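Q: Could you take me through one part of this structure up close? I would like to look at the aromatic rings and what surrounds them.

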Amino acid sequence: MPQELIQHIEDIARSQHFESILEETTDLKDYEIDHDFLDVVVLGQFKAGKSSLINDLLEKEILPVGVLPVTAIITRIFFGDEEKATITFLNGQKVEKPLGDLQNYVTEKRNPENKKQVALVDITLPSLKTFKKLRFIDTPGLGSAFEHNTTVTEKWFNKIAVAFVVISATQPLSKKDLEVITTAAEQSPEVFLVLSKTDLINTVDQAEVMEF
């Protein structure tokens, strides 16, 4: 779709406060950029350990974690020459922030029910140069007590190239886990299951959970 037409639609949507359409035009405008990446999307129940998994992969504590459901906004992490976070709002505005300010925009505590109208957050890291064709996507937990979190994540099911479904060893394969796996398998050519929190159970139970 021509960029001029997308911009025209975006202007109308903004003037009429059509937030859902603004989200779609943001996706369309980013399509050419998106097409250069292989999206590695991390899915799972809330508190399954998705953000912790990405932090471990990055070998850096980038994403906030906590006892209660934390992630409220889709967050994309990929290679860039400068370490920074770019916040994109539903009205199309973009602002750059240091990574230390991230929790003010992506967490339920600092941005409850997305009152700040954040569309998504992009994080660039020079340390990801080896993986410059990959983009890691942290998603709000499916099954969270906050319904808007689940809605935001489900909108991204059609953007999956590779999916990691994180399952907690303390509550393995609930009905919702199976639904996430099934949906991911329908949308992604590659799906990997990650068993998290294995340190909370003994080796005998670990083997039993793995077999299950």
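A: Happy to, and let's start at the surface before turning to the rings. I9 is partly exposed, with a relative accessible area of 31%, and this residue belongs to helix α1, which spans residues 3–15. Together with L5, F18 and I21, I9 makes a nonpolar surface patch of about 310 Å². Do keep in mind that this is a predicted model.

Now for the aromatic pairs: the structure holds 2 of them. In one, the ring centres of F89 and Y105 are 6.4 Å apart and the planes stand at 75 degrees, so this pair is edge-to-face. It links distant parts of the chain, with F89 in strand β3 (residues 84–89) and Y105 in helix α5 (residues 103–106), 16 residues apart. F89 counts as buried, at 12% relative accessibility, and Y105 counts as buried at 12% too.

The rings of F164 and F192 make a pair with centres 5.4 Å apart and planes at 25 degrees, so this one is stacked. F164 sits in strand β7 and F192 in strand β8, so the pair ties together parts that are 28 residues apart in sequence. As for cover, F164 is partly exposed, with a relative accessible area of 24%, and F192 is partly exposed as well, at 39%.

Y105 has a charged companion besides: K116 lies over the face of the Y105 ring, at 5.1 Å from the ring centre.

Strands β7 and β8 come up again when we turn to helix α4. This helix covers residues 50–58, and K50, S51, L53, I54, N55 and L58 are buried in it. Its buried residues pack against β7 (162–168) and β8 (190–196), and also against β1 (38–44), β2, β5 (118–125) and β6 (134–138). Just after α4, E59 takes a positive phi of about 55 degrees.

One more phenylalanine deserves a look, in one of the strands that α4 packs against. F78 is found in strand β2 (residues 75–79) and is buried, with a relative accessible area of 12%. Leaving aside neighbours within four places in sequence, F78 is in contact with F37, D122, I123, T124, L125, L128, L134 and R135. F78 and K129 are 51 residues apart in sequence, yet their C-alpha atoms are 8.6 Å apart in space.

Definitions and conventions: Residues numbered from 1 in each chain as written. Predicted model: local features only at pLDDT ≥ 70, side-chain atom pairs only at ≥ 80, totals over all residues. Heavy atoms only, no water. Patch = residues over 30% accessible without salt bridge, like charges linked within 9 Å, V, L, I, M, F, W, Y side chains within 5 Å. Areas by Shrake-Rupley, 256 points an atom, 1.4 Å probe, with all protein chains shown as cover. Salt bridge = Lys/Arg side-chain N within 4 Å of Asp/Glu carboxyl O. Helix = DSSP H or I, 4+ residues; strand = E, 2+ residues; numbered from the N terminus. Buried < 20%, exposed > 50% of the residue type's maximum accessible area, 1.4 Å probe, protein only. Contact = heavy atoms within 4.5 Å. Phe/Tyr/Trp six-rings, centres within 6.5 Å; stacked < 30°, edge-to-face > 60°. Lys NZ or Arg CZ within 6 Å of the ring centre and 35° of its normal.
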